[in-house]
Amino acid sequence: MTPKREALLGRFRARSLDRVRQVQLSLLELEAGRGDEARLKDVARELHTLKGDARVVGLGALSELVHAAEDQLLGDRSGALPAAATCARLRGHLELVARVLREELAPDAAEVALAEARASLGSGAPDVAGAPPPTRT
């Protein structure tokens, strides 16, 4: 890896870790019922930026997971706040993102973990506060 690319990735990781921490704090607020539509939009905007930045630096699997998290957060885009369970699940996935950004996982293990997390987010409808859980037929 060239020194220029290494520096770029270092800046991306530092900025993104700050972004992930802020999103996790906001998700805690939403999970506790202290959030509102403005906070939801802020979180969605931060995730959208993280998704794009990851794609720009060539971290496609990370970008795809964040995209799936963004979709889960926004649900059907009706403006309803996400359920506490959704917020908790997204915080867990963002912890994986943070571990990848801190390079705590080997590259191959990180790719597998990100793909598995992405698949788990894509496997069900988003939870919406006040909505009954989906029924399986």
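Q: Before the helices, what does contact mean here?
A: Contact means heavy atoms within 4.5 Å. The model under discussion is a predicted one.

Q: With that settled, which residues of α4 and α5 meet?
A: From α4, the residues are Arg-89, Leu-90, His-93, Leu-96 and Val-100. Their partners in α5 are Ala-110, Ala-113, Leu-114, Ala-117, Ser-120 and Leu-121.

Q: How does that contact divide by class?
A: The contact of α4 with α5 has 8 nonpolar residues, 2 polar ones and 1 charged one.

Q: What about the geometry of α4 and α5: at what angle do the axes cross?
A: The axes of α4 (residues 84–101) and α5 (residues 107–121) cross at roughly 165 degrees and come within 11 Å. Because angles over 145 degrees count as roughly antiparallel, α4 is roughly antiparallel to α5.

Q: Is that crossing left-handed or right-handed?
A: The crossing of α4 and α5 is left-handed.

Q: Stepping back, how many helices and strands does the chain have?
A: The chain has 5 helices and 0 strands. Read along the sequence, the pattern is α-α-α-α-α.

Q: What share of the chain is buried?
A: Of the 137 residues in the chain, 35% are buried.

Q: And what share of the contacts is long in sequence, at 24 or more positions apart?
A: Among contacts with a separation of 6 or more, 71% join residues 24 or more positions apart.

Q: Back to α4. How does α1 pack against it?
A: The axes of α1 and α4 are 9 Å apart, and the angle is about 165 degrees. The two helices are therefore roughly antiparallel to each other. Their crossing is left-handed.

Q: Which residues make that contact?
A: On the α1 side, they are Phe-12, Arg-13, Ser-16, Leu-17, Val-20, Val-23, Gln-24, Leu-27, Leu-28, Leu-30 and Glu-31. On the α4 side, they are Ala-84, Cys-87, Ala-88, Leu-90, Arg-91, Leu-94, Glu-95, Val-97, Ala-98, Val-100 and Leu-101.

Q: How do those divide by class?
A: The contact of α1 with α4 comprises 16 nonpolar, 2 polar and 4 charged residues.

Q: Now the nonpolar core. Which residues touch the most other members of the largest one?
A: Leu-27, Leu-62, Leu-73 and Val-97 do, in a core of 33 residues.

Q: Which helices supply at least two residues of this core?
A: Each of α1 (3–31), α2 (37–56), α3 (60–74), α4 and α5 does. The largest share, 8 residues, comes from α4.

Q: Val-97 was on that list. What is it in contact with, leaving aside its neighbours within four places in sequence?
A: Val-97 is in contact with Val-20, Leu-50, Leu-62, Leu-65 and Val-66.

Q: Leu-121 came up in the α5 contact. Is Leu-121 buried or exposed?
A: Leu-121, in helix α5, is buried, with a relative accessible area of 3%.

Q: What does Leu-121 touch, not counting residues up to four places away in sequence?
A: Leu-121 touches Leu-65, Ala-68, Ala-69 and Gln-72, as well as Arg-89, Leu-90 and His-93. Leu-121 and Leu-90 are 31 residues apart in sequence, with a C-alpha to C-alpha separation of 8.7 Å.

Q: And Ala-115: where is it found?
A: Ala-115 is found in helix α5 and counts as partly exposed, at 46% relative accessibility. Its C-alpha atom is separated by 7.3 Å from that of Leu-65, which is 50 residues apart along the chain.

Q: Changing topic, where does Glu-46 lie, and what does it touch?
A: Glu-46 lies in helix α2. Setting aside residues up to four places away in sequence, Glu-46 touches Arg-19 and Val-23. Glu-46 and Gln-22 are 24 residues apart in sequence and 8.6 Å apart in space, C-alpha to C-alpha.

Q: How accessible is Glu-46?
A: Glu-46 counts as partly exposed, at 26% relative accessibility.

Q: Last one: what is the phi of Glu-103?
A: Glu-103 has a positive phi of about 60 degrees, although it is not a glycine. Glu-103 is found in the loop between α4 and α5 and counts as exposed, at 54% relative accessibility.

Definitions and conventions
Residues numbered from 1 in each chain as written. Predicted model: local features only at pLDDT ≥ 70, side-chain atom pairs only at ≥ 80, totals over all residues. Heavy atoms only, no water. Axes fitted to C-alpha atoms, helices over the stretch in contact; angles between N-to-C directions. Helix = DSSP H or I, 4+ residues; strand = E, 2+ residues; numbered from the N terminus. Parallel < 35°, antiparallel > 145°, perpendicular 65-115°, else oblique. Left-handed = near helix turned anticlockwise from the far one by under 90°. Nonpolar A, V, L, I, M, F, W, Y, C, P; charged D, E, K, R; others polar. Core = buried A, V, L, I, M, F, W, Y, C linked by side-chain atoms within 4.5 Å. Buried < 20%, exposed > 50% of the residue type's maximum accessible area, 1.4 Å probe, protein only.
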